[in-house]
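Below is a short briefing on one protein chain. Please look at the sequence and the 3D structure before reading the points that follow.

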Amino acid sequence: MQSISLSLLSSLTTHQKSSLERGGYKNLSDLLLSTPSDISRTARIPPQEVTEILKAACRECALPINKITDLPLEGEEKITTGDADLDGMLGGGIRTGMLWEVVGESAAGKTQFALQLSLLVQLPPRLGGVLGSAFYLTVASQLQTTRMEQILNTHPLLSPSLCSFANIQHTTVPTIDKLIFVLSKSLPQYITANDQNSPSKPLKLIVIDAIAELFHTSKRTTTQFLVERSRRLSEIGTLLHSLASKHQIAILVLNEVSDTIDRDTASLDSGQIGYKDQFRWFGRADSVLGEGRKEATLGLVWSNQLNARIFLSRTGRRRYLEESERPRKIQKSTSATSSINSVGDEQPLLIRRLTVVFSSVCDPASCDYIVTTEGISVIPGSVVLLTIRPAVGAPAPAASTHVSMSPHGELTQTQNAQVAPLDIGHVVDSTAIESRSSTPDNEPGDDEWDAFWERNALPDYVFEEAVNVTEPS
């Protein structure tokens with residue numbers, strides 16, 4: 001919403017402007033985000049006149065109605081994710097001209113996905129890239145160049161001759177104002193200068209890691225805070241869409257999750273849809289049991305800015321994979337870690353879950369994946385098209401529609417096929433943290449809480465003393 005000063009509105013009288021200013025209403029945002037009763041009380045204007053003021057302000061500031069044919073379309077260019085199955089789920093890859101979000105809890109693989117994509121965008125079209133460059137914005141962390149170099153040297157599609165760190169620009173945006181300045185001033189200037197430099201690769205990918213960190217606060221959450229947050233999110237979303245559509249850039253925003261809370265405390269009238277039901281469709285994944293316990297942060301205001309939302313979940317499951325279940329690109333790899341074991345190895349693989357919650361270019365779908373030294377890899381045969389979601393509170397259906405991949409990476413649907421239970425080959429992830437090697441599944445710093453308790457573990461005698469105190473003598 002534009003912050004137009006009320007003093008510039010010709011439809012309001014001088015007396016009305018002065019009364020509104022005395023009441024604390026200086027711009028159009030202040031006026032439209034307040035109720036008529038509040039305006040009437042604080043500005044001491046009769047309610048009927050307040051209604052006329054609101055109508056006049058809206059008429060004067062209303063934007064012209066555009067035809068659908070005049071609106072910019074999503075780009076035709078697609079950036080491969082480096083995995084044929086995942087490309088098929090996403091409609092061919094990450095399409096330019098769109099605002100994509102990858103949301104998930106810590107150590108789910110969000111940053112892995114962003115780093116992987118920052119390299120893959122540089123590939124030539126014959127390998128799934130667009131011969132572009134990337135601009136990586138971090139909020140509270142540094143760019144993980146060591147991990148990026150590991151992906152560059154191990155991924156079968158990537159090589160130093162095709163991809164370079166020189167094609168990845170980086171800057172830090174620790175505040176909302178800094179991000180808005182970069183999106184509105186710095187990036188347009190950079191794009192113009194980069195386009196004029198013919199040897200440079202055009203900017204085709206912008207990553208924000210991670211947007212929710214900009215809105216962390218220790219203060220009490222008030223209505224005023226939520227209104228201001230919504231305004232800033234809408235402003236950021238408008239700038240991102242402008243860059244994406246004008247320059248045909250793929251925007252990838254990383255986001256965090258929070259615990260799912262039932263916010264519908266008040267009774268609803270017939271036909272009304274509560275926040276819980278709305279956000280179930282747009283803010284959380286629900287492809288397997290327990291996945292809906294987490295939801296994306298920043299609410300429905302931010303959800304409405306997105307073209308696609310990808311949800312990454314930590315399942316806590318480990319499985320032994322058969323040779324046919326192993327990602328095809330891993331079979332060609334000669335490196336061996338605890339994440340890429342041979343069939344006879346004792347160490348099972350840590351399984352995570354990826355769900356396309358909504359998208360304007362592909363159907364909702366879900367799959368299992370693993371994180372290896374090469375990046376994110378989908379387990380072949382695990383892709384399921386989420387054609388029908390059960391109603392809230394209803395049990396999940398016994399059978400689902402199974403989806404397999406065609407040789408061209410397209411989803412092919414098999415009706416009434418029974419999906420294999422997710423707990424086949426399942427083992428409890430009870431391996432002690434200190435016994436795990438440092439791999440992409442358990443990199444230092446991936447999960448801050450695990451690292452904290454590892455450093456601050458209580459000695460055994462503390463628990464023994466506690467037991468002795470509680471036991472009757």
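Among contacts in the chain between residues at least 6 apart in sequence, what percentage join residues at least 24 apart? The figure is 68%. The model is a predicted one. The chain has 473 residues, of which 43% are buried, and its secondary structure comprises 14 helices and 17 strands.

**Strand S6 and its partners**

- Strand S6 covers residues 203-209, and 7 of its 7 residues are buried, so the rest of the structure largely encloses this strand.
- Strand S4 (residues 133-138) runs parallel to S6, and 6 bridges join the two.
- Within that pairing, leucine 137 has isoleucine 208 of S6 as its bridge partner.
- S6 also pairs with strand S7 (residues 250-255), again in the parallel sense, through 4 bridges.
- Isoleucine 206 is matched here with isoleucine 251 of S7 as its bridge partner.
- Between S6 and S7 the chain passes through helix H9 (residues 223-247), which makes a right-handed β-α-β crossover.
- As background, side chains in a regular strand alternate between the two faces of the sheet.

**Packing of helices H3 and H4**

- Two packed helices are described by the distance between their axes and the angle between those axes.
- For helix H3 (residues 36-43) and helix H4 (residues 47-61), the axes come within 9 Å and cross at roughly 115 degrees.
- The crossing of H3 and H4 is right-handed.
- On the H3 side the contact is made by Pro36, Ile39 and Ser40, and on the H4 side by Pro47, Val50 and Leu54.

**Cysteines**

- A disulfide is a covalent bond between the sulfur atoms of two cysteines.
- How many disulfides does a search of the whole structure find? The search returns 0.
- Why does cysteine 58 not bond to cysteine 61? The sulfur of cysteine 61 is the closest cysteine sulfur to that of cysteine 58, but the two are 7.7 Å apart, which is too far for a bond. The cut-off for a disulfide is a sulfur pair within 2.5 Å.
- Is cysteine 58 buried or partly exposed? Its relative accessibility is 38%, so cysteine 58 counts as partly exposed.
- Cysteine 362 has a relative accessible area of 12% and is therefore buried, as the limit for that class is under 20%.

Definitions and conventions. Residues are numbered from 1 along each chain as its sequence is written. This is a predicted model: local features need pLDDT of at least 70, side-chain atom pairs count only at pLDDT 80 or more; totals for chains, interfaces and linings use all residues. Side-chain values use heavy atoms; hydrogens and water are left out. Buried means under 20% relative accessible area, exposed over 50%, partly exposed in between (1.4 Å probe, protein chains only). Two strands pair if DSSP finds at least two bridges between them. A crossover is right-handed if, with the strands pointing away from the viewer, the path from the first strand over the helix to the second runs clockwise. Axes are lines fitted to C-alpha atoms, for helices over the stretch in contact, and angles run from 0 to 180 degrees between N-to-C directions. A crossing is left-handed if the near helix is turned anticlockwise from the far one by less than a right angle, and right-handed if clockwise. Contact means heavy atoms within 4.5 Å.
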